[in-house]
Amino acid sequence: MDFTRKICVVTGTRAEYGLLRNLVSLINDCKETSLQLVVTGTHLVEEFGFTINHIIEDGFYVNKKIEMLLANDSTVSVTKSMGLALLGFSDAFDELKPDIIILLGDRYEMLAAASAALIAGIPVAHIHGGEVTEGAIDDSIRHSITKMSYLHFASTEEYRKRIIQLGEEPERVFNVGAPGLDNIDKLELLSVNELSKSMKCELSKPYAVVTYHPVTLPYRSNLEAIDELMKALKEFSEMQFIITYPNADTYGRQIIDKLKEFSRDNENIILVNSLGQLRYLSAIKNAEFVLGNSSSGIIEVPSFGIPTINIGDRQKGRIYAESVIHCDDNHKSIIRACNIALSSKFKAIAGQVKNPYKQENTSSRIFNYILNTEINRINRKAFFNIDFDELDLENKCK
């Protein structure tokens, strides 16, 4: 290759950056590529830990910072934040002129980035497309980003097929596994004592890790659901609970206010705005179980051989390992699931599972595909039609 390929990576949350970190490092260290980092979202907000510092501490240069989060997280404010993000990305991409942009997942920040890239004629490589989460607007956002992207990196074969079902040409859709699982193999995780010192707290009891994000397509109030979760946690006073802040989704700050009050009133609750990737994975490694409605419980936690308790419908539709226990978002169902997770029988099951998202060298394979893809006419793509004559589809409109 006789030129340096400018690869732009966009990140808007602590969790997303953790999943991308190995790929970012590969791009940064390669002589044939020039890394461009665009940082936005909660990375730039003190309330959520100002996690841009984690990126800088990792030795990466941040090319552009896009301030876009408003202080309020109502539906109107989130929509306005998307508008600010779109303005910021349009300016950033015009100045940086990347050859390709890497986006991961399904958040509204990424939808704004994909939209700006589409209009600018810059190809997008999308990671974790084709997945289904019926309890969140993320589902629609994810599929929308797929249609604005050229290269697709799915985490399972089923998800690869779904991307093709959306009309993407098979030769541009790759089943590579989940890149975040590379961290489990590469990072030297902390012991319980090291984790305690790093968090400046005493982990003296068996503990669980809890992350509960707003459900953006709920059948009940998010505040009712978080009340039910806290009511369940009170039944396990012999344990400690490390609770991380939710995403900056609609009404997420209301959940944070509830959690702050809960942690003040209960000594066994450790509330943190951000653990960062090393501490988060270290906390999981030594936990009794992971509880909440985060995708991490479905995708990453099974690799540690411990139980996941998945609450409600936010992750409904995802492929999951046998170590995942599903429960409703009421306290009785959550308590029942916690007792199952703590049982020796279920712990033995969790310790033997195979993670369906695990493949070898995922980040390296993504990087090699991106590095070696011809991009001269990359934005000109044809819609891939499925042969419906080969499908047994009943006509519902007779």
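Which helix gives the most to the lining of the largest cavity? I opened the notebook with this point, keeping in mind that the model is predicted. The helix in question is H1, which contributes 4 residues to that lining.

Entry on the search. I looked through the whole structure for enclosed space and noted 6 cavities of 30 Å³ or more. The largest of these holds about 640 Å³ of space, and the volume of the second largest is about 80 Å³.

Entry on the largest cavity. I listed 31 residues around the largest cavity, and the ones that lie nearest its centre are Ala15, Glu16, Leu19, Ser294 and Ser295. Looking up the secondary structure, I found that helices H1 (14-29), H5 (138-147), H11 (276-285) and H12 (295-299) each supply at least two residues of this lining. Sorted by class, the residues that line the largest cavity are 14 polar, 10 charged and 7 nonpolar.

Entry on the second largest cavity. Here I counted 14 lining residues, with Val290, Leu291, Gly292, Ser294 and Gly297 nearest the centre. The elements that each give at least two residues to the lining are strands S8 (207-211), S11 (290-292) and S12 (308-311), together with H12. By class I recorded 7 nonpolar and 7 polar residues in the lining of the second largest cavity, and no charged ones.

Entry on what the two cavities share. I noted that Ser294 is listed among the residues nearest the centre for the largest cavity and for the second largest cavity. Helix H12 likewise supplies at least two residues to the lining of the largest cavity and to that of the second largest.

Conventions. Residues numbered from 1 in each chain as written. Predicted model: local features only at pLDDT ≥ 70, side-chain atom pairs only at ≥ 80, totals over all residues. Heavy atoms only, no water. 1 Å grid on protein atoms, 1.4 Å probe; cavity = no way out; pocket = protein on both sides within 12 Å on 5 of 7 lines; lining within 4 Å. Points joined across faces, edges and corners; volume = space filled by probe spheres on them. Nonpolar A, V, L, I, M, F, W, Y, C, P; charged D, E, K, R; others polar.
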